[in-house]
Amino acid sequence: MKPRPQFLPASAEAEAWQLVLPEELADALDAHLFPGDEDEHGAVISAGMVRTSRGVRLLARELFVASDGVDFVPGRKAYRRLTPQFVNDHIRHCRDERLVYLAVHNHHGHGSVGFSEPDLRSHERGYPALLDIAKGMPVGALVLAHGALAGDIWTPEGTRHPIGETVILRRNVERIYPLPAAAPPDRAEIDDRQARVYGNAGQDLLGRLKVGVIGAGGVGLPIVAFLARLGVGHLVVIDPERVEITNLPRLPESTRRDAMSWLTTPGRPLALQRLGGRLATPKVRLAKRVARRARKNSIVDAVRGDIADVDVAQQLIDCDYLFLAADTHTARSIFNALVHQYLVPGVQVGSHVAVGGDGDIGKIASVLRPVTPDGGCLWCNELIRPDKLTDESLPAAVRRAQRYLPMEDAPAPSVITLNARGVADATDHFMLAVTGLLESSETNGDFRRYETRADKLRTSIPRRSPDCRECGTHASSIRARGDGARLPVRGA
Amino acid sequence: MTPDVEKGIAEIQHAFAGHGVETVETGDGGAYVIVADLDLGPAFVPRSSWIGFTLPYNYPLADVYPHFACPDLATADGTPLPTPPLNSGQSMPGFNRPATMVSRRSPRWNPAHDTAALKLMRIIGWFAEQAAQTRAAA
């Protein structure tokens, strides 16, 4: 039998992990632990995991409340305890599902919380045995007070980790800690005006965020510029393409040199045009240049690649927020999976110009669709077409060969000013949501479609389907499974 | 192949037991699949054909279409093939076989319930329905 590792006492030096709670689970937990009786209550949370160079995040997937007096009973060595049967049932469930077992109880007070000595002694007595049952998955405990959460996570490798930060994915993203957060540093002079909106804490938070932008074209590039000027500390920008001359009117700060226009102009020898195409600036490099001009110390990962490739999509799994600014159904599908599998909130943004068969311009619209784990997903709202996923998965030559009806290959019309509204709405939504400034939920829903020509704003409440394989809460959904499920990408 | 693609193929082998099932990997997680000796019903000659299709890397999120059948497929009554969905002069990807394409999208494809095996049954059902429609028209 493999010897048990020797566990060190929990210490401040251990690498802190992050916990992410979707809104509905957090609300249900809050209602169970704090019904107003000032007593202690218990529960178990199962959680997926994601490990990256940025650290470890636990992604809360299921809540199992312990009934008072049945599953959560008076203890001899502690005030209350979960019964062995309740623990046994749920540690085995977590083992079978490859999820992290987290025993939960509450203390009283506001803004700070920690485990008591009896709590820690019970971990030391019980968790080595639970790790044996969990067969390779970590186990741990969470303790909550009003507005505070602390954790003690034990790993099969013999390490113990506190929960340093808990992120609650409400409409306004909340962050709670074991102790009140230290006062943020004074804002830099450059941020004086904007930090007067969201405070030094908001500015400091923006600097610590990692935000992904899928697409660096006419929508994605201005988003990158806005995020950098807001002071977002780390940007991941993904796009496979290079700048072309027809992009220039919609790409701020791009130049003819980026498009190598003197080589690619029609009429030049084809070999020169192809050379120009190969020498043109990748859009992600332009995005990095734009971001660095805005904020020279920002970290920008310029990923020239296709989001459908596993090594590209993986760059987004530890982001704090995602912008989808690419309008393929494949990109929508992967974005939607990232939101639900890794609990990364995001927003889809874009603009659309309808063109009739006779070339007449129809409706012009900009769309904004915030997507959160509990908010209704792109699949549930029929915004991802399975037939388009099939088309987009085929090599171009096969796709061409399979066409037997005339298809429209003309590029879609696009104007920078039409993109601007969606860009501003999306970055506003992000900035207000992460700094806690959004007002209470729109009664008509957060999906927005602004029809520019008619000057009409239409909002809708996203639908949710309980059997959805991405946002559903059933056993086979990918929700909050983190590294325990596969993304719908090539080569995964 | 991804686990979902492997599962899709296993379901096809189970649902079409007794028919030969050939597969070729697409190289990105998907598979090209051919199921042999399927009865297309009396409206077509030859009445029996192989049917092929691709399970893309993102199956079952992605619809399974188009399908492909033998290249010499014709109607039993000599009328032209209904185009669409049938289109001759095509090639079955992955196997480089001349083929007749059967393009039947599923606008209501639901990844939670739909599978490649069910879709293949629907395609075979469509061929059978053509005989019923021919009889009704006569």
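## Exercises on salt bridges, a helix and a contact

A:Arg208 counts as partly exposed, its relative accessibility being 44%. This residue opens the first exercise, and the reader should keep in mind throughout that the model is a predicted one.

### Exercise 1

Find the salt-bridge partner of A:Arg208, and decide whether that partner is buried or exposed.

Solution. Begin with the side chain of A:Arg208, which meets the side chain of A:Glu165 in a salt bridge with an N to O distance of 4.0 Å. Next, place the two residues along the chain: A:Glu165 belongs to strand β9 (residues 160–169) and A:Arg208 to helix α4 (residues 192–208), so that the pair, 43 residues apart, links distant parts of chain A. Finally, turn to accessibility: A:Glu165 has a relative accessible area of 13% and is therefore buried, since the cut-off for that class is under 20%.

### Exercise 2

Work out how A:Arg196 and A:Asp192 are placed relative to each other in helix α4 of chain A, and state how accessible each of them is.

Solution. First, note that these two residues form a salt bridge, with their closest N and O atoms 3.0 Å apart. Then count along the helix: the residues are four apart in α4 of chain A, which means that about one helical turn separates them. As a last step, compare each value with its class: A:Arg196, at 58%, is exposed, while A:Asp192, at 24%, is partly exposed.

### Exercise 3

Describe the salt bridge of B:Asp114, and then name the residues that are joined into one network by salt bridges with shared partners.

Solution. Start in chain B, where B:Asp114 pairs with B:Arg122 and the closest N and O atoms lie 3.6 Å apart. In this pair B:Asp114 is buried, at 13% relative accessibility, whereas B:Arg122 is partly exposed, at 40%. Moving to chain A, one network takes in A:Glu24, A:Asp374, A:Arg464 and A:Arg479, which are joined by salt bridges that share partners. Over all chains, the structure holds 38 salt bridges.

### Exercise 4

Follow helix α3 of chain A (residues 117–134) from its span to its end, and find where it has a kink and what its buried residues pack against.

Solution. Take the span first: the 18 residues of this helix reach 25 Å from the first C-alpha to the last, which is close to the expected 26 Å. Then look for the kink, which is about 40° and lies at A:Gly126, shortly before the proline A:Pro128. That proline is among the buried residues of the helix, which also include A:Asp119, A:His123 and A:Tyr127. The elements of chain A against which the buried residues pack are α2, β6, β7 and β8. Just after the helix, A:Lys135 takes a positive phi of about 50°.

### Exercise 5

Characterise the contact between chain A and chain B by its residues, its buried area and its salt bridges.

Solution. The contact draws 25 residues from chain A and 29 from chain B. Together the two chains bury about 2300 Å², of which 57% is on carbon and sulfur atoms. Five salt bridges run between chain A and chain B, and one of them pairs A:Arg469 with B:Asp4, whose closest N and O atoms are 3.6 Å apart. On the side of chain A that touches chain B, α11, α12 and α13 each supply at least two residues, and α12 gives the largest share, six residues.

Notes
Residues numbered from 1 in each chain as written. Chains lettered and ligands numbered in written order. Predicted model: local features only at pLDDT ≥ 70, side-chain atom pairs only at ≥ 80, totals over all residues. Heavy atoms only, no water. Expected span 1.5 Å × (residues − 1). Bend = angle between axes of the 7 residues up to and from the residue. Buried < 20%, exposed > 50% of the residue type's maximum accessible area, 1.4 Å probe, protein only. Contact = heavy atoms within 4.5 Å. Buried area = accessible area lost by both parts, 1.4 Å probe.
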